[in-house]
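Work through the exercises below with the sequence and the model side by side. Try each task before reading its solution.

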Amino acid sequence: MIRRPWALAAAIQLSLSSPDADGAPHEIKVFTDELAGYGEHTLETHANKASRAGPQSSQRATPLQLMPEYSYGIRRNWELSLQLPVSEERGHIRSDGYRAELQYVAPHDETEGFYWGVNVELANVRERDEPRFWNTELIPILGLRLERWHLVANPGVNLPISGPARKVNFDPAAKIAYRTFEKNYVGVEYYVEAGPLRDWLPRGRRSRMLYLAWDGKMGKSDFNIGIGRGLSDASDRWVLKMIYEFPF
């Protein structure tokens with residue numbers, strides 16, 4: 001039992017000390033143990049907007065990004081999701097592809113202690129100025145609840161399976177949140193796009209974003225609202241993001 005919290009702490013440290021990414025993706029989210037219940041349907045909407053790109057960002061555009069996500073609890077502890085990312089800029093709306101995710105979280109105490117899971121994604125997407133490409137993603141989920149604290153690490157990797165750049169990339173994320181009352185949490189989220197796993201980008205070209213975020217519940221709906229600041233010249237300067245989810 002003692003070794004599990006140490007494994008989580010090591011994963012968070014790895015996430016926080018890694019290189020970073022270029023621009024806000026459609027999905028700015030740290031994956032936790034939240035899943036649609038068995039047989040339950042949920043609709044989640046992601047929205048974010050960056051103020052402007054950093055001086056060394058490879059993607060100059062900063063459109064309003066929206067992504068509806070439908071999820072279904074296919075089995076206990078298993079969730080299947082379908083996503084349709086879109087962008088809006090200067091009155092023009094475009095489709096940025098489609099994505100499918102399969103997420104598993106092992107049975108655990110939902111109020112205290114360690115938990116683990118994994119998220120697997122297959123996507124055909126366009127990232128801002130880039131052409132569409134096929135991409136796969138593997139995101140481990142390592143979480144720990146200690147009284148009012150919730151710590152989560154996602155040391156994720158992704159691999160483009162079409163296009164010229166077919167290298168495994170390291171995109172870690174982490175979250176530390178404190179429960180203020182009932183189901184309301186305030187905390188920080190950290191996202192990095194470090195580049196190829198075996199040859200990280202130079203520090204100045206890594207995109208690193210730090211968000212101050214609130215997670216809360218209103219009725220049956222869940223919210224995640226945050227404001228992020230880029231910590232490198234390859235990052236967006238400021239980003240506002242919101243995730244809204246409700247079951248049906």
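**Exercise 1.** Decide whether aspartate 222 is buried, partly exposed or exposed, and find the salt bridge that joins aspartate 222 to lysine 217.

*Solution.* Step 1: take the cut-offs, where buried means under 20% relative accessible area, exposed means over 50%, and partly exposed lies in between (1.4 Å probe, protein chains only). Step 2: aspartate 222 has a relative accessible area of 23%, so it is partly exposed. Step 3: lysine 217, at 33%, is partly exposed too. Step 4: a salt bridge is a side-chain nitrogen of Lys or Arg within 4 Å of a carboxyl oxygen of Asp or Glu. Step 5: the side chains of lysine 217 and aspartate 222 form such a bridge, with 3.3 Å from N to O.

This is a predicted model, in which local features need pLDDT of at least 70 and side-chain atom pairs count only at pLDDT 80 or more, while totals for chains, interfaces and linings use all residues. Residues are numbered from 1 along each chain as its sequence is written, and side-chain values use heavy atoms, with hydrogens and water left out.

**Exercise 2.** Describe the salt bridge between lysine 175 and glutamate 189, and say which strands hold the two residues.

*Solution.* Step 1: the N to O distance between the two side chains, lysine 175 and glutamate 189, is 3.3 Å. Step 2: lysine 175 belongs to strand β10 and glutamate 189 to strand β11, so the pair ties together parts that are 14 residues apart in sequence. Strands (E, at least two residues) and helices (H or I, at least four) are DSSP runs, numbered from the N terminus. Step 3: lysine 175 is buried because its relative accessible area is 10%. Step 4: glutamate 189 is buried as well, with a value of 1%.

**Exercise 3.** Which residues are linked with Arg99 in a network of salt bridges?

*Solution.* Step 1: start from arginine 99 and glutamate 101, whose side chains meet at 4.0 Å, N to O. Step 2: both arginine 99 and glutamate 101 are buried. Step 3: the network links Arg99 with Glu27, Glu101 and Glu121. Step 4: for the whole structure, the count of salt bridges is 10.

**Exercise 4.** Place leucine 210 in the model and list its contacts.

*Solution.* Step 1: leucine 210 sits in strand β13. Step 2: its relative accessibility is 36%, so leucine 210 counts as partly exposed. Step 3: contact means heavy atoms within 4.5 Å. Leaving aside residues up to four places away in sequence, leucine 210 touches Val188, Glu189, Tyr190, Ile227, Gly228, Arg229 and Leu231. Step 4: the C-alpha atoms of leucine 210 and glutamate 189 are 5.8 Å apart, although 21 residues separate the two along the chain.

**Exercise 5.** Which strands each supply at least two residues of the nonpolar patch?

*Solution.* Step 1: patches are made of residues with over 30% relative accessible area and no salt bridge; like charges are joined within 9 Å, nonpolar side chains (Val, Leu, Ile, Met, Phe, Trp, Tyr) within 5 Å. Step 2: the nonpolar surface patch covers about 1000 Å², and its members include Val188, Leu210, Ile227 and Trp238. Step 3: the strands that each give at least two residues are β10 (169-181), β11 (184-193), β13 (207-218) and β15 (238-247). Step 4: valine 188 is in strand β11 and, at 36% relative accessibility, counts as partly exposed.

**Exercise 6.** In which sense does β1 pair with β15, and over how many bridges?

*Solution.* Step 1: two strands pair if DSSP finds at least two bridges between them. Step 2: β1 (residues 41-50) and β15 are antiparallel, with 9 bridges. Step 3: alanine 50 has valine 239 in β15 as its bridge partner. Step 4: strand β14 (residues 221-230) also runs antiparallel to β15, joined by 8 bridges. Phenylalanine 223 stands opposite tyrosine 244 in β15.

**Exercise 7.** Where in the chain is confidence lowest, and where is it highest?

*Solution.* Step 1: pLDDT is the predictor's confidence in each residue, from 0 to 100. Step 2: the lowest mean, 45, belongs to helix α1 (residues 3-16), and the highest, 98, to strand β3 (residues 78-83). Step 3: over residues 5-22 the pLDDT is below 50, yet this stretch has 64 contacts in the model beyond near neighbours in sequence. Step 4: where pLDDT is low, the predicted coordinates should not be read in detail.

Methods
Areas by Shrake-Rupley, 256 points an atom, 1.4 Å probe, with all protein chains shown as cover.
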